[in-house]
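Trainee: Could you take me through one helix in detail, and then show how the rest of the chain is put together around comparable elements?

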Amino acid sequence: MPDTPNAPNFQHWRRRLRDSALPAYQLIPELLAEDLQSGRLTPRDRLPTFRELAVQLDLNYTTVVRAFAEARRRGLIIARPGLGTFVRGSFVGLPLRAGTSAEMTMNMPPEIEDEALLQRLKDSAGQALGQATSLHELLRYQDFGGTAHERALAAHWLGQWLDRPPVTEVLCCPGIHSVLTALMPLLIRPGQVLCVEPLAYPGLKAIATHLNIRLHPLQSDASGVLPRSFDDACRTVPVGAICLCPTNQNPTTVTMPIRRREAIAEIALRHSIPIIEDDAYGMLPNAVPPPLAEMAPELTYYLSGLSKCLGAGLRAAFVRAPGEAAARRLAGALRSITVMGSPLASAVVSTWLENGLALEAVRALREECAWRSAALSTVFGRMATSRGLRIQPQGFHAWIEIGGVQGQASRLAAHLRRQGLPAVAAPAFSTDRTPPEALRICLGGSLTREDCRKAISLLAEVMVRPQIELPAEADPPPISARSS
């Protein structure tokens with residue numbers, strides 16, 4: 001029996017340690033960092049003792065001592081006398097990056113290639129700033145949630161997917177991520193949990209860790225979260241809220257059918273559980289089922305924005321709260337976190353909403369996503385079914401279940417990223433610590449159509465192999481750097 005109860009198991013390191021040219025005491029801190037980033041480890045996890053880990057990994061005791069010393073030096077772990085060694089409780093800082101390396105892990109929409117439309121967007125942005133009575137108007141503090149005019153435009157925009165949301169219930173916010181950060185402590189009291197999908201947006205996991213909120217993963221199938229699992233949770237654990245991405249879910253691409261949405265909404269109404277409906281991808285499909293906000297309007301916070309249908313740099317999100325009082329409470333919570341959104345960005349976004357350019361851009365992205373989705377499906381052909389490939393017709397990310405040995409998906413994702421194809425393995429999304437051997441592929445960002453063709457060919461070439469073979473020597477040049 002181990003001396004350390006509930007300590008994580010590190011048997012999955014054995015192969016890496018055996019195959020690596022690095023000394024074990026240097027590799028172990030790297031493996032700790034990888035597990036922390038992927039979600040296999042979380043802050044405040046208690047680690048095995050030196051002796052236990054040495055036995056698990058068949059290493060010399062002194063080697064493990066040296067490895068932990070290096071991990072402490074890097075700020076990955078902390079030792080508490082008499083208590084043990086723990087993963088650092090504060091969120092491990094991300095390396096500062098300049099340029100495009102963030103594209104390798106972020107799910108970004110394709111960039112508009114229509115030069116005429118790009119020029120019109122650019123000209124319109126300049127006009128938006130020029131139309132202000134004075135520049136000082138855009139450099140002052142503003143009330144949170146947007147001006148009355150901006151909120152009216154946002155309500156009209158949301159009216160394409162929602163049934164005429166009242167302006168008094170709509171807020172303009174600096175990104176969905178900030179809304180989630182404000183909503184979670186607003187809805188979830190100490191001791192309560194947030195029900196989530198078993199594979200979810202990694203940012204949600206990071207926010208929950210930062211706020212010390214426990215996630216409660218629900219069971220799911222090919223249509224999304226199982227109603228029975230949600231109902232059981234409402235009966236057996238203290239549920240504060242449920243957070244779902246019902247359309248083109250990130251990462252699995254699942255879109256909940258209407259009957260499943262109705263069942264989830266009915267359970268939430270029966271148990272009075274608030275719903276956070278993250279509809280970041282809901283604007284891209286040509287047609288979608290009605291949102292949960294229409295089935296349980298008195299409980300649902302509907303979140304939308306422009307990061308997945310126009311550009312993440314805008315940091316523009318729109319929220320429809322379940323009532324005017326709820327909107328005011330959320331505005332107060334968000335103001336304490338972000339003070340306000342940027343008036344400069346809000347002016348540009350409002351102009352694009354008003355003159356129709358935002359809708360033109362969304363339509364252009366829809367067409368681009370449709371091309372990329374079709375290209376991936378065509379190249380994969382029959383392999384799409386056998387390999388568990390899923391992608392929405394107007395989506396720009398795909399979910400691929402690859403099977404194989406433990407850690408295979410993580411190694412493949414790292415290999416693909418080095419070659420310029422944004423890929424992230426399932427552990428980064430897992431909320432139940434039992435991730436499948438699968439990965440999410442992004443066909444957006446700065447990848448051109450020619451880049452996409454090469455990326456899809458590369459992916460198909462790797463996937464047809466019965467066992468993924470990763471190169472032992474130097475990686476080939478990135479996709480965007482290769483010749484045609």
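**A close look at helix α13**

Mentor: Start with the buried set of α13: Pro343, Ala347, Val348, Val349, Ser350, Thr351, Trp352 and Leu353. Keep in mind that this is a predicted model. The helix covers residues 343-355, 13 residues in total. From first C-alpha to last, α13 reaches 18 Å, close to the 18 Å expected at 1.5 Å a residue. Just past its end comes Gly356, with a positive phi of about 90°.

What covers the buried residues of α13? The cover includes helices α5 (115-130), α6 (148-158) and α14 (357-380), along with strand β11 (317-320).

Now zoom in on Val348, a residue of α13. Its relative accessible area is 12%. Buried means under 20%, so Val348 qualifies. Set aside its neighbours within four places in sequence, and Val348 is in contact with Ala125, Ala128 and Leu129. Lys122 gives a view of the sequence gap: Val348 and Lys122 are 226 residues apart in sequence, yet 9.6 Å apart in space, C-alpha to C-alpha.

Step back to the whole chain. It holds 17 helices and 15 strands. Of its 484 residues, 52% are buried. Take the contacts with a separation of 6 or more: residues 24 or more positions apart account for 73% of them.

For another helix, go to α10, residues 258-271. Its 14 residues should span 20 Å at 1.5 Å a residue, and its end C-alpha atoms are 20 Å apart, so the two values agree. The buried residues here are Arg260, Arg261, Ile264, Ala265, Ile267 and Ala268. They cover an arc of only 160° around the axis, so they sit on the same side of α10. Their packing partners are β6 (220-221), β7 (224-225), α9 (227-236), β8 (239-244), β9 (275-278) and α11 (292-295). After α10 comes Ser272, whose phi is positive, near 55°.

One of those partners, β8, deserves its own stop. Six of the six residues of β8 are buried, so the strand is largely enclosed by the rest of the structure. Strand β4 (residues 193-196) pairs with β8 in the parallel sense, over three bridges. Within that pairing, Val193 has Val239 in β8 as its bridge partner. Three bridges also join β8 to β9, and these strands run parallel. Ile242 stands opposite Ile275 in β9.

One more single residue: Thr181, in helix α7 (residues 176-187). Its relative accessibility is 16%, so Thr181 counts as buried. Leave out residues up to four places away in sequence, and Thr181 touches Ile207, Leu211 and Ile337.

Next, the rings. With centres within 6.5 Å as the test, the count comes to six aromatic pairs. One of them joins Phe10 and Trp13: 4.4 Å centre to centre, 45° between the planes, a tilted pair. Phe10 is buried at 2% relative accessible area. Trp13 is buried too, also at 2%. Trp399 and Phe429 form an edge-to-face pair, because their planes stand at 85°, with the ring centres 6.2 Å apart. This pair links distant parts of the chain, 30 residues apart. Trp399 lies in strand β13 (residues 397-401), and Phe429 in the loop between β14 (423-425) and β15 (438-442). Trp399 has a relative accessible area of 1% and is buried. Phe429 is buried as well, at 0%.

Phe50, Tyr61 and Phe68 form one aromatic cluster. A charge meets this cluster at Tyr61: the charged end of Arg51 sits over the Tyr61 ring, 4.7 Å from its centre. Elsewhere, Arg66 lies over the face of Tyr25, at 3.7 Å from the ring centre.

Back to α13 to finish. When you inspect the helix, begin at Val348 and follow its contacts to Ala125, Ala128 and Leu129. Then add α6, α14 and β11, which are among the elements covering the buried residues of α13.

How values were computed: Residues numbered from 1 in each chain as written. Predicted model: local features only at pLDDT ≥ 70, side-chain atom pairs only at ≥ 80, totals over all residues. Heavy atoms only, no water. Helix = DSSP H or I, 4+ residues; strand = E, 2+ residues; numbered from the N terminus. Buried < 20%, exposed > 50% of the residue type's maximum accessible area, 1.4 Å probe, protein only. Contact = heavy atoms within 4.5 Å. Phe/Tyr/Trp six-rings, centres within 6.5 Å; stacked < 30°, edge-to-face > 60°. Lys NZ or Arg CZ within 6 Å of the ring centre and 35° of its normal. Expected span 1.5 Å × (residues − 1). Arc of directions from axis to C-beta. Pairing = 2+ DSSP bridges.
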